[in-house]
Amino acid sequence: MKERKYLPTLAELVDRLSIVQLKEVFLPEHKTEYAKEISDISHDIQVCLDEGLESVNAETIRAIVVLAQMNLHIWHNESDARKGINSGENLRLTHGINGIRNTAKNKIQEIRGGRKDYKIDCLSAEFKDWEISW
């Protein structure tokens with residue numbers, strides 16, 4: 001059997017956990033399936049933590065909170081855009097928030113090393129209130 005060369009990073013697993021948690025709450029008709037996915041992702045996160053991860057510190061926990069919060073904002077913005085509510089503005093904001101999300105994922109990756117996303121500068125001047133005080 002060949003070994004995988006491109007595994008999800010810890011940050012990607014945490015990001016996916018945050019998104020699936022939102023789905024479990026907002027799409028209850030598939031709660032069982034999402035609960036299974038949450039269990040699988042949690043297992044893989046624990047494997048990452050058990051593989052000699054130095055330590056999760058306050059900055060890491062804050063990055064996880066920011067990541068979850070940005071995913072929730074993206075969820076609501078995209079939902080409104082699909083309904084035709086302020087779609088242009090919401091989609092521009094979502095694009096900017098995605099940069100914050102990528103920065104949070106990079107901060108999570110700092111505790112472990114590995115792949116980072118370097119396209120994080122997409123928050124336009126009109127959304128500067130969204131900047132995080134890292």
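Biologist: If Ala, Val, Leu, Ile, Met, Phe, Trp, Tyr, Cys and Pro count as nonpolar, Asp, Glu, Lys and Arg as charged, and the others, Gly among them, as polar, how many residues of each class are in the lining of the largest pocket?

Modeller: This is a predicted model, in which local features need pLDDT of at least 70 and side-chain atom pairs count only at pLDDT 80 or more, while totals for chains, interfaces and linings use all residues. Residues are numbered from 1 along each chain as its sequence is written, and side-chain values use heavy atoms, with hydrogens and water left out. A pocket is an open set of points on a 1 Å grid over the protein atoms alone, where a 1.4 Å probe fits and protein lies on both sides within 12 Å along at least five of seven lines, and its lining residues have an atom within 4 Å of a point. By class, the lining of the largest pocket holds six nonpolar, four polar and five charged residues.

Biologist: What is the volume of the largest pocket, and which residues are closest to its centre?

Modeller: The volume, meaning the space filled by probe spheres set on grid points that are joined across faces, edges and corners, is about 270 Å³ for the largest pocket. Of the 15 residues that line this pocket, those closest to its centre are L7, P8, L13, C48 and R112.

Biologist: Which helix gives the most residues to that lining?

Modeller: Two elements, helix 1 (10–26) and helix 2 (31–50), each give two or more residues to the lining of the largest pocket, helices being DSSP runs of H or I with at least four residues, numbered from the N terminus. With three residues, the one that gives the most is helix 2.

Biologist: How many salt bridges are there, and which residue does R115 pair with?

Modeller: A salt bridge needs a side-chain nitrogen of Lys or Arg within 4 Å of a carboxyl oxygen of Asp or Glu, and by this rule the count comes to nine. R115 lies in the segment after helix 4 (87–110) and its partner in helix 1, so the pair ties together parts that are 103 residues apart in sequence. The closest N and O atoms of this bridge are 3.1 Å apart, and the partner of R115 is E12.

Biologist: Are K105 and D15 buried or exposed?

Modeller: The side chains of K105 and D15 meet in a salt bridge at 3.8 Å, N to O. Because K105 lies in helix 4 and D15 in helix 1, this pair ties together parts that are 90 residues apart in sequence. With buried meaning under 20% relative accessible area, exposed over 50% and partly exposed in between (1.4 Å probe, protein chains only), K105 and D15 are both buried.

Biologist: How far from E24 is the nearest side chain of opposite charge?

Modeller: E24 is found in helix 1, and among its contacts (heavy atoms within 4.5 Å), leaving aside neighbours within four places in sequence, are K31 and Y34. E24 is buried yet has no salt bridge, and the nearest side chain of opposite charge, that of K31, lies at 4.2 Å.

Biologist: Why does V66 count as buried?

Modeller: V66 is found in helix 3 (residues 58–82), where, not counting residues up to four places away in sequence, V66 touches I100, A104, I132 and W134. V66 counts as buried because its relative accessible area is 4%.

Definitions and conventions. Ala, Val, Leu, Ile, Met, Phe, Trp, Tyr, Cys and Pro count as nonpolar, Asp, Glu, Lys and Arg as charged, and the others, Gly among them, as polar. Lys and Arg count as positive and Asp and Glu as negative; His and the chain ends are not counted.
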